[in-house]
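Reader: I'd like to go through this one with you, helix by helix and strand by strand. Can you take my questions as they come?

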Amino acid sequence: MARFPRDPGGKRAGGWAESRHDRHRWPPAAGDAVSEQPEAALSVAAVARRLGIAPATLRTWDRRYGLGPSEHSAGAHRRYSPDDLARLLTMRRLTLEGVAPGEAARTALSTPRQEAAPSELDVLDAYADAEMPPDPDALVAAARHGDNAAVRWMLARVHPRDPLEWYATLVRPAMSTLAAEPVLERAGESSCHRLEASCYAELRSRSVALATRTAEDVPAAPVALVAPTGAATDLEAHVLAGALSGRGVPASVLVGGTPETAAEAVARARAQVLVVHAGHRGTPDAVDLVRRLDGADDLMVFWHEEGRGPVPDGLRVHRVRSLAGACYEVAAVLS
């Protein structure tokens, strides 16, 4: 199998790694432009950084709408020309304004071919720090291709100040798609686990940023505990804890142990609120934990379980049916 040289804007240069879909034939077909000034054209990684979007999104725009790079440089790598950048800038601006991607692409492609003015490129730089709209399909594609850099890029740019919206509009739909569609994966590789690990890393980054901003205001002891008892994954519990911390309620996630030892841990923590994250159904362990804490007068227990089913008999808890509901009610009680 032929091996292609790696792109200077790729992983070795500290940027994104180019996938095999970005390695095109050489020599170029008739009519393709060959850049005589390669320094004036940009790689997928460089354009993605300028636009503030994931490389996977650029590849999608190329594949679906024809908004791809038009120039070639030595080494068979296609590059984005100033004309390409101008069209992508139009596409990015329109999608941020809420225009449907297909319509935005048609408008961008109808832009006359001309070199982008310096002021337009300055606007591109301004988009580098812009918030990205959620694109679960692009996140799924990046996770399945093992493009960890693109995954982290999207996770960091979507709703950077709201973990609940971040999870609801980006992470959860992507995780559901990965779990629903059958694929063949090699031993030791898992798209779901790869994405989940990146989500935990992103939550840690957000927590560190929050702690840096509010170090003098946040007490060391948690005020709220989230126990993911019986849930399919602990990720939702960590999202809820991060959202509570973002609203000024120091929160931690209680994991592991038996109902007896978990109840002891809750008592030692002296938290004011416990959120039992029971997933889609209450498990015996969740019920047992709540019953063991029934005599704690200084502890308010919230039962978070999706769906419309009743709370198990005999439990004195406050019922919440969504992460947002749990976050808002806990914050309201503690305020």
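Reader: What does helix α13 reach from its first C-alpha to its last?

Author: This is a predicted model, where local features need pLDDT of at least 70, side-chain atom pairs count only at pLDDT 80 or more, and totals for chains, interfaces and linings use all residues. Residues are numbered from 1 along each chain as its sequence is written, and side-chain values use heavy atoms, with hydrogens and water left out. Helix α13 takes in residues 323-334 (helices are DSSP runs of H or I with at least four residues, strands are runs of E with at least two, numbered from the N terminus). The expected span, 1.5 Å times one less than the number of residues, comes to 16 Å for its twelve residues, and the model is close to that, at 17 Å.

Reader: Which residues of α13 are buried, and over what arc?

Author: Buried means under 20% relative accessible area, exposed over 50%, and partly exposed in between (1.4 Å probe, protein chains only). In α13 that picks out Leu323, Ala326, Cys327, Val330 and Ala331. They sit on the same side of α13, because the arc they cover around the axis (taken from the directions from the helix axis to the C-beta atoms) is only 120°.

Reader: What covers those buried residues of α13?

Author: Contact here means heavy atoms within 4.5 Å. On that basis the cover includes the helices α8 and α10, plus the strands β4, β6, β7 and β8.

Reader: How many residues of α10 are buried?

Author: The length first: α10 has twelve residues that should span 16 Å, and its end C-alpha atoms are 16 Å apart, which agrees. The helix is mostly covered, and its buried residues include Leu235, Glu236 and Ser245. Out of twelve, the buried count is ten.

Reader: Which residues of β6 point one way, and which the other?

Author: Five of the five residues of β6 are buried, so the strand is largely enclosed by the rest of the structure. Leu274 and Val276 point to one side. Pointing the other way are Val273, Val275 and His277.

Reader: What stands opposite Val275 in β7?

Author: Two strands pair if DSSP finds at least two bridges between them. β6 pairs with β4 in the parallel sense over four bridges, and Val275 is the bridge partner of Val226. Five bridges join β6 to β7, also parallel. In β7, the residue opposite Val275 is Phe302.

Reader: Where is Arg270, and what is its phi?

Author: Most residues other than glycine have a negative phi. Arg270 is in the loop between α11 (259-269) and β6, and is exposed, with a relative accessible area of 74%. Its phi is positive, near 55°.

Reader: What does Glu165 touch, not counting residues up to four places away in sequence?

Author: Glu165 is in helix α8 and is partly exposed, at 35% relative accessible area. Glu165 and Leu323 are 158 residues apart in sequence, yet 10.0 Å apart in space, C-alpha to C-alpha. The residues Glu165 touches are His159 and Leu170.

Reader: And Arg292: which residues is it in contact with, leaving aside neighbours within four places in sequence?

Author: Arg292 is in helix α12 (residues 284-292), partly exposed with a relative accessible area of 44%. Pro259 is 33 residues away in sequence and 7.7 Å away in space, C-alpha to C-alpha. The contacts of Arg292 are Pro259, Glu260 and Ala263.
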